[in-house]
Amino acid sequence: MDHIGGGRLPGGVNLQRRVRCWECHRVVEDPYLDACPSCNGLLEVSLDLEPVKEMAPSDLRSRPFGVWRYTPFLPVDPSMAVSLQEGGTPLYACGGIAADIGVRALSVKYEGANPTGSFKDRGMTVGITRAREIGADMVGCASTGNTSASLAAYAAKAGIGCLVLLPEGKVALGKLAQAIFYGAKVVSVEGNFDDALRTIREMAEQRILYLLNSINPFRPEGQKSVLLEIMDQLDYRLPDRIVLPVGNAGNISAVHKALKELVEVGWIDGMPMLTGVQASGSRPLVDSFQAGRRGFTPEPGPETVATAIRIGNPVSGRKALDAIYSTGGAAVDVSDEEILDAQLMLGRREGVGVEPASAASVAGLRKLIDEGVADRDEEVVCICTGNALKDPETMMSQCVRPYSARPEVSAVMEAIR
Ligand code: F0G
């Protein structure tokens, strides 16, 4: 992977990093801690971006399109990268849906095109590289499915053991199959994602494994790349709004961090309105947003067809609310019916196959337009986080069964009439 090395670029490799508490700014050295030992706050990597200020976006364009193009913004040594060539996903112009829902311009960042079919690969390539740096021999996560599929694949690539905890009976088939297929130890736990995360965090505290949920501050560092790619694809023209589904709230926080860093280095001079979408059956952050609060109250029994975001106690919820308030964005919830409608619309109108949680972004935009919260004159990017094939059962439930016929033209014509 020598193409991602520092080369002649100043700041080509960014190892001037510190892990700090997001709340009290204390520096935390122990890689096995996932919260501040003083105030229990969330952790974050802070980078020295001084050398990057000498650079321009065009300095990175000769590198392959994908996560590792952006090494000046990554806190790991690229010579140790564990990569499946993640990122570099398409940004589709979706004029048909834009016209249908009545917004000037809509693009979809299609994260289903990642190696394991979701945006998680962006954070995982960096997270597992960090695991290799610190010499971890066992990694683990709790997951609604995609994180486990991604971690299992990257752990396999790195030759590191992997344990995943999944909420029993609530993980889409494709994701479950992936985690098992890539060789992770898979345990279904009684309870929901929040219960599984609490358990695996205890295991990490006991040093049984290195935790690679998005609460690990190295994960969001890789996830920043989705924003960096969008800006590259738009030639650094800022969209008015970026809409994304919110589960554990790592992704929206990562996108916000990327925006702050681009402002710091002077590559952009404003921010799009970050807009988070939750399912109506699991909407703790929407409740807070509507009440104008910076904290949130966990939802005890989250429920939604979009199992990826079936989360009642989003670990990075406070960061997500900060991202939304400080960019003038919004939080909105959508019903299962609205999610499934949007999923079908993406498939039938644009040929874009996304899983239900991903369709929540488009459903949320549609609702904000209808309610007059989002302006019809906006240019919007929706991040569609995962591939439709992740959840074949939900996809099939939306469709008629295939017709059957004898292998003769007349019989086929008869069947489709
Ligand atoms: N979309 C998909 C397809 C997801 O899998 C997730 C999260 C999200 C959106 C929400 O992202 O948590 O960063 O706010 N899935 C996690 C998992 C929780 O375990 O795979 P978030």
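Two rings of Phe, Tyr or Trp pair when their centres lie within 6.5 Å, and planes over 60 degrees apart make the pair edge-to-face. Keep in mind that the model is predicted.

**Exercise 1.** Work out which aromatic cluster Y236 and W267 belong to, and how their rings are arranged.

*Solution.* Start with the pairs: there are 6 aromatic pairs in the structure. Take Y32 and Y210 as a warm-up: with centres 5.6 Å apart and planes at 75°, this pair is edge-to-face. Y32 sits in the loop between β1 and β2, while Y210 belongs to strand β8, so the pair links parts 178 residues apart in sequence. Y32 is partly exposed at 22%, whereas Y210 is buried at 2%.

Now for Y236 and W267: their ring centres are 6.1 Å apart and the planes meet at 80°, so this pair is edge-to-face. Both residues are buried. Add F73, and you have one aromatic cluster with Y236 and W267.

**Exercise 2.** Decide whether C94 is bonded or unbonded to C384.

*Solution.* The cut-off for a disulfide is a sulfur pair within 2.5 Å. The closest cysteine sulfur to that of C94 is in C384, 7.8 Å away, which is too far for a bond. The disulfide count is 0.

**Exercise 3.** Describe the surroundings of N387.

*Solution.* First, place N387: the loop between β12 and α13. Next, check accessibility: 16% is under the 20% limit, so N387 is buried. Finally, look for partners: a polar side-chain atom of N387 lies 3.1 Å from the backbone oxygen of G112. Beyond its sequence neighbours within four places, the contacts of N387 include Y110, G117 and E355.

How values were computed: Residues numbered from 1 in each chain as written. Predicted model: local features only at pLDDT ≥ 70, side-chain atom pairs only at ≥ 80, totals over all residues. Heavy atoms only, no water. Helix = DSSP H or I, 4+ residues; strand = E, 2+ residues; numbered from the N terminus. Buried < 20%, exposed > 50% of the residue type's maximum accessible area, 1.4 Å probe, protein only. Polar contact = N/O pair within 3.5 Å; in protein donor to acceptor, adjacent residues only side chain to side chain. Contact = heavy atoms within 4.5 Å. Phe/Tyr/Trp six-rings, centres within 6.5 Å; stacked < 30°, edge-to-face > 60°.
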